[in-house]
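Thank you all for coming; I would like to walk you slowly through one structure this morning. Please keep the picture open while I talk, and look for the ligand.

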Amino acid sequence: MSPNAHSSPRHSRILGTGSFLPADRLTNQALADRLAADGIDTSDEWIVERTGIRARHFAAPDQASSDLALPAAQSALQAAGITADDLDLIIVATSTPDMVFPSTACLLQKKLGAFGCAAFDVQAVCSGFVYALSVADSMIKSGAANKALVVGAEVFSRILDFKDRTTCVLFGDGAGAVVLGVSDTPGILATELHADARHSDILCTPGTVSGGQVLGSPLLRMDGQAVFKLAVGVLEKVARSVLDKAGMTDADIDWLIPHQANIRIMQGTAKKLRMSLDKLIVTVDEHGNTSAASVPLALDAAVRSGRIQRGDTVMLEGVGGGFTWGAALLNY
Ligand code: UT7
């Protein structure tokens, strides 16, 4: 019998979390005033009522996604009690990378000053962090990695069309990070990822770089109602599916952290999962929609405020462009 025949399975667990928001905080009123100067009509009342957003943070012109990722990563490493030299994997989920290449993960590695470990980006828009976490979890469970840094970092302010009031009031910039490590007991309990590219055009930034020029629009466009309808359906379904995989039911969830895009979608999902709304972690009010950064930003806020405690069962959910969606159920 081989020496490994009775070895217990490898599990992965979140060892620490971190996040970072750029300094420029813009309230709805401040944004509405700016837009009014260009003849665009919106109001704090409309934005709060339709989305739950009250403010968002915008990066400074010289801040790229890797600049927001760095302090978030450092904070997660500190919380995990390790240094960047201990990492053997860095994954950054982003749709607003610093450059075409190298990846934002490689640029983050450079800023962390710890070289040699694998580093790559995951592009799944607002589902990006859940995708990246699932990949890192699989790599840890397979033995391909022991300590992984998983980051969601975005500067969506760079791709917003400030002449389009239906989108420019919704998004913000920021970064969130977790350190994932090997554990004797299950941490990440189950994950599931999906995409349906028949809906690729309802949320996209279709421009591309070619021959030294940007071809097509480099600005985000969204059919909000189409995204809304799809999101409400898939978020409940994928949550139930990962619960099944883990042998749990909705009654076992202590905290729900869905993608922070719209409070109405988030509350609708919580209600479908028969959860009381005080178990729903909400940061969309203060962050807006930060795409791939939204879930780890909310997770870090809930951990640092003491709401999420070690041993709690937490459901993370992403949904967005692609069309992509997914969930990760974890024992924190
Ligand atoms: O990150 C990926 C996931 N993204 C999402 O989950 C976003 C999903 N979608 C949504 O959250 C919502 O669809 C929105 C917040 C984008 C829009 O809310 P809605 O309740 O679907 O509004 P609507 O698009 O039906 O627009 C209602 C009205 C329209 O006016 P009329 O046609 O009724 O006269 C819009 O022109 O609100 C108007 N409107 C605005 N008014 C003031 C749209 N944007 C604004 C605005 N300020 N910023």
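Let me begin with a convention: Ala, Val, Leu, Ile, Met, Phe, Trp, Tyr, Cys and Pro count as nonpolar, Asp, Glu, Lys and Arg as charged, and the others, Gly among them, as polar. With that in hand, the residues of the shell around the ligand divide into 11 nonpolar, nine polar and four charged. What you see is a predicted model, in which local features need pLDDT of at least 70 and side-chain atom pairs count only at pLDDT 80 or more, while totals for chains, interfaces and linings use all residues. Residues are numbered from 1 along each chain as its sequence is written, and side-chain values use heavy atoms, with hydrogens and water left out.

Which residues are closest to the ligand? Among the 24 that surround it (a residue counts if one of its heavy atoms lies within 4 Å), the closest are Thr42, Arg165, Gln225, Asn262 and Asn289.

Now to the polar contacts, meaning here pairs of N or O atoms within 3.5 Å. An oxygen atom of the ligand is 2.4 Å from an N or O atom in the side chain of Gln225, a nitrogen atom of the ligand is 2.8 Å from a polar backbone atom of Arg165, and a polar side-chain atom of His259 is 3.0 Å from a ligand oxygen. The ligand taken alone exposes 960 Å², and the protein buries 74% of that, with areas from the Shrake-Rupley method and a 1.4 Å probe.

Why does the ligand lie between two domains? Domain 1 (11-183) and domain 2 (188-331) both give residues to its shell, so it lies between them; the bounds come from an automatic or database domain assignment. Helix H7 (224-245) gives the most to this shell, with four residues, where helices are DSSP runs of H or I with at least four residues, strands are runs of E with at least two, and both are numbered from the N terminus.

Finally, some backbone details. Most residues other than glycine have a negative phi, and most peptide bonds are trans. Yet the bond from Phe101 to Pro102 is cis, with omega near 0°, and Pro102 is in the loop between strand S4 (89-93) and helix H4 (104-112). Val125, which is not a glycine, has a positive phi of about 50°.

Notes: Polar contact = N/O pair within 3.5 Å; in protein donor to acceptor, adjacent residues only side chain to side chain.
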